[in-house]
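User: I am new to this structure. Please take a close look at one part, the helices that pack together, and then show how that part ties in with the rest.

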Amino acid sequence: MIRFTKTLALIGASVLMFGCATGNTPEAKKANAHKEAQSALSKIVAEHPEAETDLNKGVAHLICTGSDSYLFALSSGGGICELNEGGKLSYWRFASAGAGAGIGWKKVAYVQIFLNQEAVTRFKDAGFDGQARAEASAKLEDTDSQASANQSVDVEGIITYQVNLMGAAAQATVQGFKFWQTDFTEDFVQNAG
C-alpha cells in the first residue's frame, strides 16, 4: 500500500509540475499561458489541418495544455487553458481523473471549438467534460514528432482536436474533466518564468 501511495504522489507531482503557468505575477502567468496556448494551437493545426476551417466556423475556442498520467486502472491529469471568445481571453485550469486500463505519461494539447453560444455557456456554467479514450502514443525515434492514434471528436456543438507534445502512453480510459476559471492571483504554485 505504501508503494501505491508513493506512486500516486509521484503522478500528482508530475501533473502539478507540467500543469502550471510559469511566472511570479498574474500578468506574467497570463503572458506565458498565452504564448504556450498559441504554440500548442500551431501544433494542433499542423497535425490536424481541418482544425483551421473549424476554428473559423466557431464562436469561441478553448486551447488547453497539460499532462496525463496513467497507472494501471487509474488516470489523472491537469493543466492550463485559454478561452478565446472573439478576442476576449480568459484563463482556466483543469483537472482530470479516470478509470480504465493504461500505463504511461504524456504532455498533451487540445483545442475545443465551440460552434454555438449554447456550447460556450454550457462549458462556462458546468465546467465539466467527460470523454472516453482509447489511444496509444509514442515519440518517434530520432525526431521531435509524436505518433498517436487519437481522434478528433464532435459532440453537442463542440469539436475537439488533440496532439501529444511528449511522452508515451497506452490507455483505454473513461475520463472526466473539471474546469475552473482563474486570474492567477490565488495560485498556490509560484515559479520563475
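Analyst: What follows starts with the whole chain, turns to one helix pair and then follows its links outward.

This is a predicted model, in which local features need pLDDT of at least 70, side-chain atom pairs count only at pLDDT 80 or more, and totals for chains, interfaces and linings use all residues. Residues are numbered from 1 along each chain as its sequence is written, and side-chain values use heavy atoms, with hydrogens and water left out.

First, the setting. The chain has four helices and six strands. Helices here are DSSP runs of H or I with at least four residues, strands are runs of E with at least two, and both are numbered from the N terminus. Starting at the N terminus, the order is α-α-α-β-β-α-β-β-β-β. The chain has 193 residues, and 43% of them count as buried. Buried means under 20% relative accessible area, exposed means over 50%, and partly exposed lies in between (1.4 Å probe, protein chains only). The accessible surface is about 9900 Å², with 60% of it belonging to carbon and sulfur atoms. Such areas come from the Shrake-Rupley method with a 1.4 Å probe; for residues, only the protein chains shown count as cover. Contact means heavy atoms within 4.5 Å. Among contacts with a separation of 6 or more, 76% join residues 24 or more positions apart.

Now the helix pair. Two packed helices are described by the angle between their axes and the distance between the axes. Helix H2 covers residues 26-47 and helix H3 covers residues 50-57. Their axes come within 6 Å and cross at roughly 120°. H2 is therefore oblique to H3. Axes are lines fitted to C-alpha atoms, for helices over the stretch in contact, and angles run from 0 to 180 degrees between N-to-C directions. Under 35 degrees counts as roughly parallel, over 145 as roughly antiparallel, 65 to 115 as roughly perpendicular, and the rest as oblique.

Which residues make the contact between H2 and H3? H2 supplies Leu 41, Ile 44 and Val 45. H3 supplies Ala 51, Glu 52 and Leu 55. By class, that contact has five nonpolar, no polar and one charged residues. In this scheme Ala, Val, Leu, Ile, Met, Phe, Trp, Tyr, Cys and Pro are nonpolar, Asp, Glu, Lys and Arg are charged, and the others, Gly among them, are polar.

Next, the charged pairs. Side chains of opposite charge can pair when their charged atoms come close. A salt bridge is a side-chain nitrogen of Lys or Arg within 4 Å of a carboxyl oxygen of Asp or Glu. By this rule there are three salt bridges.

One lies inside H3. Lys 57 and Asp 54 meet there at 3.2 Å, N to O. The two are three residues apart in H3, about one turn of the helix. Lys 57 is exposed at 54% relative accessibility, whereas Asp 54 is buried at 9%.

Another reaches out from H2. Glu 36 pairs with Lys 107, at 3.7 Å from N to O. Glu 36 belongs to H2 and Lys 107 to strand S2 (residues 88-114), so this pair links distant parts of the chain, 71 residues apart. Glu 36 is partly exposed at 30% relative accessibility. Lys 107 is buried, at 16%.

Away from the helix pair, Glu 85 forms a salt bridge with Lys 124, with the closest N and O atoms 3.1 Å apart. Glu 85 lies in strand S1 (residues 60-85) and Lys 124 in helix H4 (residues 117-126), so the pair ties together parts 39 residues apart in sequence. Lys 124 is partly exposed, at 35% relative accessibility.

Strand S1 also holds Ile 80. That residue is buried, at 7% relative accessibility. The C-alpha atoms of Ile 80 and Ala 33 are 7.2 Å apart, with their positions 47 residues apart along the chain.

Back to strand S2. Val 108 is found there. It is buried, with a relative accessible area of 2%. Leaving aside neighbours within four places in sequence, Val 108 is in contact with residues including Cys 64, Asp 68, Val 163 and Leu 165. The C-alpha atoms of Val 108 and Val 163 are separated by 5.9 Å. Ser 96 lies in S2 too. It is buried at 6% relative accessibility. Beyond its neighbours within four places, its contacts include Asp 68, Ser 75, Gly 78 and Phe 177.
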